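I opened the model to look up its strand pairing first, then the overall dimensions. My entries follow in the order I made them.

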Amino acid sequence: MAEFDPQATRPAPVTQSAPPPGWLLTIAQLPVEDPASRMRVLRTLESLGAAVMREGVYLLPDTPANRQSLEALTDYITKIAGTANVLHVNAVSPVQHVAFVRLFDRSARYENLIKTVESLRVGFGHSDPSAISRVVHKQRREFESIAALDFFPSSARDRAEEALAAADAEVRKLLFPTQAQPALAPGEALLGRTWLTRKPLWADRLACAWLIRRFVDPEATLAFLEKTQPLPADAIAFGFEGAHFGNSETRVTYEEMLVKLDLARNPALTKIGSIVHFLEIRGTPVAEAAGVQTLLQGAQRRSNSESELLAEAEKTFDLLYEAYYQPPKT
């Protein structure tokens, strides 16, 4: 079977909405005896944003990027014993040109995205801000995938971008509240205490719990409360608004704990903090973040309780610390 490199057909972002100098019409006949290769070709055409005129006939605006992608694709089709021809065509009338442009209208996808983003407002003040933030970032990635194939941007694209920007700003206010945090008493003992946070648990709260057990209070009792449950008076709270340790204007709770508990000088803990920060609120990309996210998602799926989830997450953070830790030079 011929090998096909999808990178060769990756679409380039389109930033201009001017009419193309023409259109590229691809006429392809794919081998029926090789369904895997056939499906690969069809998925590639879909990823390029090609419009289906009829079976085996596909249309794209004539751009250098599309020409290059289709050239690579036709070479692959030939190698799998199919046939393909790419023709440069022009609309025979302004009416036909408008009809072609409508085949690439992404407005409906933008409108669905806007509805999803605006529906998040219902959860403001009720749902976990970190969870809302992750949904907003997922919608941001969806926007980018739509925009990459939006050859003729419309006002719907602008509205979607504005909706995302507004949601980002509001979620940031939830993640980094200006409300003062209750302070621990000077010299207050931190050993043998009850430490609590709110459900649901994700990267920041899990990392904080791991940090407490490994570096702050090995004998700690950890509790995970529902949003409506009252806080015990003698407990130390972390990871939510009004807790002793919470997000600041620029740091997530884990990073705040490192600073306040004089642990920020440990490079390994700081590196873990950059991963936690990205998983919670994005920012500067961290190469290892995707792998850690996958491990934590796996831990969520296999765990039946918060205690089980923490036990699984602790394994991940332990391994990260071992990988990052550098013993002092003597």
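Entry 1. I began with a single bridge: I27 has V57 in β3 as its bridge partner. This is a predicted model, so I read every entry below as a statement about a prediction. The strands involved are β1, residues 23–29, and β3, which pair in the antiparallel sense over five bridges.

Entry 2. I then traced the sheet around that pair. Four strands make up an open, antiparallel sheet, ordered β2-β3-β1-β4. The edge positions go to β2 (51–54) and β4 (83–89); each has a single partner strand, so one side of each lacks a neighbour in the sheet. From one strand to the next I noted an average twist of 25°.

Entry 3. I followed the chain out of β3 (57–61) and found D62 in the loop that leads to α2 (64–79). Is D62 buried or exposed? I looked up its relative accessible area, which is 6%. The cut-off for buried is under 20%, so D62 counts as buried. I also checked its side chain, which makes a polar contact with the side chain of R67 at 2.7 Å.

Entry 4. I moved to the other sheet on my list. Which strands form the parallel open sheet, and in what order? I read three strands in the order β6-β5-β7. Here β6 (221–225) and β7 (236–237) are the edge strands, each pairing on one side only. Strand β5, residues 194–198, pairs with β6 in the parallel sense through five bridges. Within that pairing I found T194 opposite T221 of β6.

Entry 5. I looked for a helix packed on these strands. Helix α7 (residues 203–216) lies across β5 and β6, and its direction is at about 170° to that of β5.

Entry 6. I finished with the whole protein. I listed 11 helices and seven strands. Why do I call the protein more spread out than a compact globule? Its radius of gyration is 26 Å, whereas the globule rule gives 20 Å for 330 residues, and the value is well over that. The C-alpha trace spans about 80 × 45 × 40 Å along its principal axes.

Entry 7. I added the burial and contact totals. Buried residues come to 45% of the 330. For contacts between residues at least 6 apart in sequence, 76% join residues at least 24 apart. The exposed area is about 18,000 Å², with 54% of it supplied by carbon and sulfur atoms.

Definitions and conventions
Residues numbered from 1 in each chain as written. Predicted model: local features only at pLDDT ≥ 70, side-chain atom pairs only at ≥ 80, totals over all residues. Heavy atoms only, no water. Pairing = 2+ DSSP bridges. Helix = DSSP H or I, 4+ residues; strand = E, 2+ residues; numbered from the N terminus. Contact = heavy atoms within 4.5 Å. Axes fitted to C-alpha atoms, helices over the stretch in contact; angles between N-to-C directions. Rg over C-alpha atoms; globule rule 2.2 N^0.38 Å. Buried < 20%, exposed > 50% of the residue type's maximum accessible area, 1.4 Å probe, protein only. Areas by Shrake-Rupley, 256 points an atom, 1.4 Å probe, with all protein chains shown as cover. Polar contact = N/O pair within 3.5 Å; in protein donor to acceptor, adjacent residues only side chain to side chain.
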